[in-house]
Amino acid sequence: MEESITILEAIKKQFDCKGKDIRTYSPLTLAYIGDAIYDLVIRTVVVERANRPASQLHKMTTRYVNAKTQARMIELLEEQLSEEERAVYHRGRNAKSYTSAKNASIADYRKATGLEALLGYLYLQDKTDRLLMLVGSALEKMDIKI
């Protein structure tokens with residue numbers, strides 16, 4: 001029987017990625033990967049629930065993958081975060097970014113960046129269950145049914 005591994009483990013193995021201490025990563029690096037992971041989670045759910053043309057899938061996805069929604073999510077999640085997770089979120093939120101969202105306030109953009117940093121941190125620690133629980137909990141609290 002073949003052993004199941006996570007996508008992170010498979011990527012590291014396939015591309016011979018060496019383990020790094022992710023606590024040394026900049027918060028914007030964590031947000032960079034966290035943005036992709038959050039997008040992948042939402043796209044996966046949208047595709048699994050609706051086999052539609054790509055333009056419709058994109059429209060459905062952008063309802064959830066935007067700074068305003070992500071800012072609201074982290075506001076609802078903060079009380080559930082461990083001390084370590086809260087520290088990662090705050091580092092991401094307070095990071096000096098040289099870009100900004102097109103359709104979001106600076107406050108929402110910074111909160112969204114903090115959420116993405118947290119999700120990137122959890123992903124790189126291979127804590128997929130925790131990552132998915134937090135995203136699912138936030139969507140549930142927002143009464144969002146994808």
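**Exercise 1.** Which residues of helix 3 (residues 54–62) are buried?

*Solution.* The model is predicted.
- Step 1. Take as buried a residue with under 20% relative accessible area. In helix 3, Leu57, Met60 and Thr61 are buried.
- Step 2. These buried residues lie on the same side of helix 3, because they cover an arc of only 100° around its axis.
- Step 3. The general rule behind this is that an α-helix has 3.6 residues a turn, so residues three or four places apart point the same way.
- Step 4. Ser55 and Lys59, on the other side of helix 3, are exposed.
- Step 5. As for the partner, the buried residues of helix 3 pack against helix 2 (27–49).

**Exercise 2.** Describe the fold of the chain and its overall dimensions.

*Solution.*
- Step 1. Count the elements: there are seven helices and zero strands. Read from the N terminus, the order is α-α-α-α-α-α-α.
- Step 2. The radius of gyration is 16 Å, and the globule rule gives 15 Å for 146 residues; the two values are close, so the chain is as compact as a globular protein of that length.
- Step 3. The C-alpha trace spans about 40 × 40 × 30 Å along its principal axes.
- Step 4. Of contacts between residues at least 6 apart in sequence, 71% join residues at least 24 apart.

**Exercise 3.** Characterise the burial, surface and charge of the chain.

*Solution.*
- Step 1. Of the 146 residues, 36% are buried.
- Step 2. The chain exposes about 9500 Å², with 52% of that supplied by carbon and sulfur atoms.
- Step 3. There are 23 positive and 20 negative side chains. The centres of these two sets lie 6 Å apart.

Key: Residues numbered from 1 in each chain as written. Predicted model: local features only at pLDDT ≥ 70, side-chain atom pairs only at ≥ 80, totals over all residues. Heavy atoms only, no water. Buried < 20%, exposed > 50% of the residue type's maximum accessible area, 1.4 Å probe, protein only. Helix = DSSP H or I, 4+ residues; strand = E, 2+ residues; numbered from the N terminus. Arc of directions from axis to C-beta. Contact = heavy atoms within 4.5 Å. Rg over C-alpha atoms; globule rule 2.2 N^0.38 Å. Areas by Shrake-Rupley, 256 points an atom, 1.4 Å probe, with all protein chains shown as cover. Lys, Arg positive; Asp, Glu negative; His and termini not counted. Charge placed at Lys NZ, Arg CZ, Asp CG, Glu CD.
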